[in-house]
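Me: I'd like to learn how to read the features of a structure like this one. Could you walk me through it?

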Amino acid sequence: MMATAQQEIKTLKKDLNEIKELLAAQAKDIAPNGADTSRIDVEAIKERAREAGVKARDYLRSKQDQAIVARDKAEDTIKARPFVSTAAAFASGAIVAALLTRR
């Protein structure tokens with residue numbers, strides 16, 4: 001089952017928020033005078049950032065694939081019925097023009 005775009009965006013936001021919370025927690029461990037009271041786990045932060053990047057790239061790749069499929073379908077429809085496609089485009093343009101001029 002494919003996740004919706006909104007679900008995928010929500011997951012990416014959650015991952016980025018976890019990175020932000022991890023950084024905030026590490027910042028609290030630093031004493032007011034600048035002394036580091038704990039080791040910042042740089043590797044854990046890098047790993048979370050890498051995971052978020054991978055998810056973002058996968059999401060964009062899947063949306064690009066969907067756009068290509070939609071484009072191919074549109075091209076096939078136009079080639080199969082050029083007159084109907086031209087008439088539909090003209091009618092859509094006329095409707096938009098009529099709506100825009102009605103102020």
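Me: Let's start with Arg-71 and Glu-75: what do their side chains form, and at what N to O distance?

Reply: They meet in a salt bridge, at 3.9 Å from N to O. Bear in mind that this is a predicted model, and that a salt bridge here requires the nitrogen and the carboxyl oxygen to be within 4 Å.

Me: How far apart are Arg-71 and Glu-75 in helix 2?

Reply: The general idea comes before the case. An α-helix has 3.6 residues a turn, so residues three or four places apart point the same way. Here, Arg-71 and Glu-75 are 4 residues apart in helix 2, so about one helical turn separates them. Glu-75 counts as partly exposed because its relative accessibility is 38%, and Arg-71 is partly exposed as well, with a relative accessible area of 45%.

Me: Which other side chain meets Arg-71 in a salt bridge?

Reply: That is Asp-72, with 3.2 Å from N to O. Asp-72 is partly exposed, at a relative accessible area of 30%.

Me: How many salt bridges does the structure hold?

Reply: The structure holds 7 salt bridges. A good one to look at next is the pair Arg-48 and Glu-18, whose closest N and O atoms are 2.1 Å apart. This pair links distant parts of the chain: Arg-48 sits in helix 2 and Glu-18 in helix 1 (residues 5-28), 30 residues apart.

Me: Are Arg-48 and Glu-18 buried or exposed?

Reply: Neither extreme applies, since the class in between runs from 20% to 50% relative accessible area. Arg-48 is partly exposed at 24%, and Glu-18 is partly exposed at 30%.

Me: What is helix 2 like from end to end?

Reply: A handy check is to set the span of a helix beside the expected one. Helix 2 covers residues 42-80, which is 39 residues, and reaches 57 Å from its first C-alpha to its last. That is close to the 57 Å expected at 1.5 Å a residue.

Me: Which residues in helix 2 are buried?

Reply: Ile-45, Ala-52, Tyr-59 and Ser-62 are buried in helix 2. For contrast, take Glu-47, also found in helix 2: at 34% relative accessibility, Glu-47 counts as partly exposed. You can also use Glu-47 to gauge a separation in space, as its C-alpha atom is 9.7 Å from that of Ile-19, 28 residues away along the chain.

Me: Where does Ser-85 lie?

Reply: Ser-85 lies in helix 3, which spans residues 82-101. The cut-off for buried is under 20% relative accessible area, so Ser-85 counts as buried at 19%. Leaving aside neighbours within four places in sequence, Ser-85 is in contact with Thr-77 and Ile-78.

Me: And now the whole protein: how many helices and strands does its secondary structure come to?

Reply: The count is 3 helices and 0 strands, and the pattern along the sequence reads α-α-α. Buried residues make up 10% of the 103 residues. The accessible surface comes to about 8600 Å², and carbon and sulfur atoms account for 62% of that.

Me: What share of the contacts join residues at least 24 apart?

Reply: Among contacts between residues at least 6 apart in sequence, the share is 53%. The salt bridge of Arg-48 with Glu-18 is a nice case to revisit with that in mind, as its partners are 30 residues apart.

Methods
Residues are numbered from 1 along each chain as its sequence is written. This is a predicted model: local features need pLDDT of at least 70, side-chain atom pairs count only at pLDDT 80 or more; totals for chains, interfaces and linings use all residues. Side-chain values use heavy atoms; hydrogens and water are left out. Helices (H or I, at least four residues) and strands (E, at least two) are DSSP runs, numbered from the N terminus. Buried means under 20% relative accessible area, exposed over 50%, partly exposed in between (1.4 Å probe, protein chains only). Contact means heavy atoms within 4.5 Å. Accessible areas come from the Shrake-Rupley method with a 1.4 Å probe; for residues, only the protein chains shown count as cover. The expected span of a helix is 1.5 Å times one less than its number of residues.
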